[in-house]
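Open the model in your viewer and get your selection tool ready. We'll hop from the ligand to the sheet and then out to the helices.

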Amino acid sequence: MSGADATIDPDKLHETIEQVFGFLGGAVVSGMIFLGDRLGLYRTLAASGPATSDELAAATGLHERWVREWLRGQAAARLVDYREGRFSLSPEATLVLAEERSPAFAAGGFCGLPSQMAVLERLPEAFKTGRGLPYDAFGLEGNRGVERMFAPWFRSMLVPIALPALDGVTAKLEHGAAAADVGCGAGVALIEMAKAYPRSEFHGYEISKFALTRAAANLKESGLRNVTFHDANGDALPTDARFDLITTFDCLHDMAHPAPVIAAIRRALKSDGTWLIADIKSHPTFEGNLEENPMAAMMYGFSVMSCMSSALSEPEGAGLGTLGFTEDVARAMTRDAGFTRFRTHDFENPMNAYYEVRP
Ligand SMILES: C[S@@+](CC[C@H](N)C(=O)[O-])C[C@H]1O[C@@H](n2cnc3c(N)ncnc32)[C@H](O)[C@@H]1O
């Protein structure tokens, strides 16, 4: 029986319509968050305190009519507070939307949204051919979105919380060790570690030319001399065991061929070295994600637009996808590559699971 012939429950119909328009509302408000971040509207409002649309327009140098419409939408979305003609950001909304350096900052990731959404036009072809789009399909801004989405955790948690929880790692880094970050993106994690441990040397490996461009810019800005970025397309991990620490942050599930990369990590790691893996928190089964993972719908969407797509962008791609590098998969793949020790950590990140893996 087709959907059209089935008995229609009017309440369920109404609920489904509401649900679908709720998703459209989320997409459009996300676009407005992109504009608020890009135009400095959140930052200016946070700095000014309660303001009229005239005052915010004057402070940002923008046209009042446009600012007024944006503010009204933000108030309707309950992101901005409204009282007697004035709009304001609560202290909490300030941390999430206006303060780039706050651990709770989330607006930065929205800068990649237009590039991420733009690939939708190319995805029908991918569904037909099976071949995904490489990571660089998102251009520089797509890479900036990833950089700004993950940077708050790297800046607030990696050095003070995560590294000290790993067995013996900070002592080695203080003394002078060699570390690598594979799939290093814009290099924010590596630069944070390099700042904290000036006696150690840090190497980033990355295949995206846009990410490498961002990494070079971030390195220049940092003024650090103990960091080197490598284009892994031709300058891959060394084949001798020279690293004391290797990290991979949210990249194994994106890789077209994670198994050879994991084998290369094993070769490049000293026998007493440590590999810290961060990957997206996921249940071992689809049913588990369906019932218990409130972010599953968004994650499967990101997977189609980005993670699974890039993991299928080469022939015989593994296609793990955003929720595909589960703990079970991580245990099996690291064991197959010759690692014998596996420990889980919880570093207060709702999105990520962490594994300390050793030979
Ligand atoms: C989601 S991003 C994460 C970037 C960075 N680790 C971060 O947390 O900001 C995944 C990255 O893995 C990179 N990548 C994918 N396959 C790779 C490979 N075989 N070698 C090195 N990097 C790779 C992509 O280019 C992309 O920059």
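Start with the ligand and pick out helix 8 (139-165) and strand 4 (201-206): each of them supplies at least two residues of the shell around the ligand. Helices (H or I, at least four residues) and strands (E, at least two) are DSSP runs, numbered from the N terminus. Helix 8 gives the largest share of that shell, three residues.

A quick note before going on: this is a predicted model, where local features need pLDDT of at least 70 and side-chain atom pairs count only at pLDDT 80 or more, while totals for chains, interfaces and linings use all residues. Residues are numbered from 1 along each chain as its sequence is written, and side-chain values use heavy atoms, with hydrogens and water left out.

Now show the whole shell. You should get 17 residues around the ligand, with Tyr135, Gly183, Glu206, Phe249 and Asp254 the closest; a residue is near if one of its heavy atoms lies within 4 Å. By type, the shell splits into 11 nonpolar, three polar and three charged residues. Here Ala, Val, Leu, Ile, Met, Phe, Trp, Tyr, Cys and Pro count as nonpolar, Asp, Glu, Lys and Arg as charged, and the others, Gly among them, as polar.

Next, zoom in on the polar contacts (pairs of N or O atoms within 3.5 Å):

- Glu206: a polar side-chain atom sits 2.4 Å from a ligand oxygen.
- Gly183: a backbone N or O atom is 2.7 Å from a ligand nitrogen.
- Phe249: a polar backbone atom lies 2.9 Å from a nitrogen of the ligand.

How much of the ligand does the protein bury? Taken alone the ligand exposes 590 Å², and 91% of that is buried by the protein (Shrake-Rupley method, 1.4 Å probe).

Switch to cartoon and select the strands. Seven of them form an open, mixed sheet in the order 5-4-3-6-7-9-8, where two strands pair if DSSP finds at least two bridges between them. Strand 5 (227-231) and strand 8 (341-345) are at the edges with a single partner strand each, so one side of each has no neighbour in the sheet.

Click on strand 9 (residues 352-358). Strand 7 (residues 269-280) pairs with strand 9 in the antiparallel sense over six bridges, and Trp275 has Val357 as its bridge partner. Strand 8 also runs antiparallel to strand 9, joined by five bridges, with His345 opposite Tyr354. Six residues separate strands 8 and 9 in their hairpin, and Glu348 in the turn has a positive phi of about 50 degrees.

Technical notes: A polar contact is a pair of N or O atoms within 3.5 Å; within protein, one must be able to donate a hydrogen and the other to accept it, and residues adjacent in sequence count only if both atoms are side-chain atoms.
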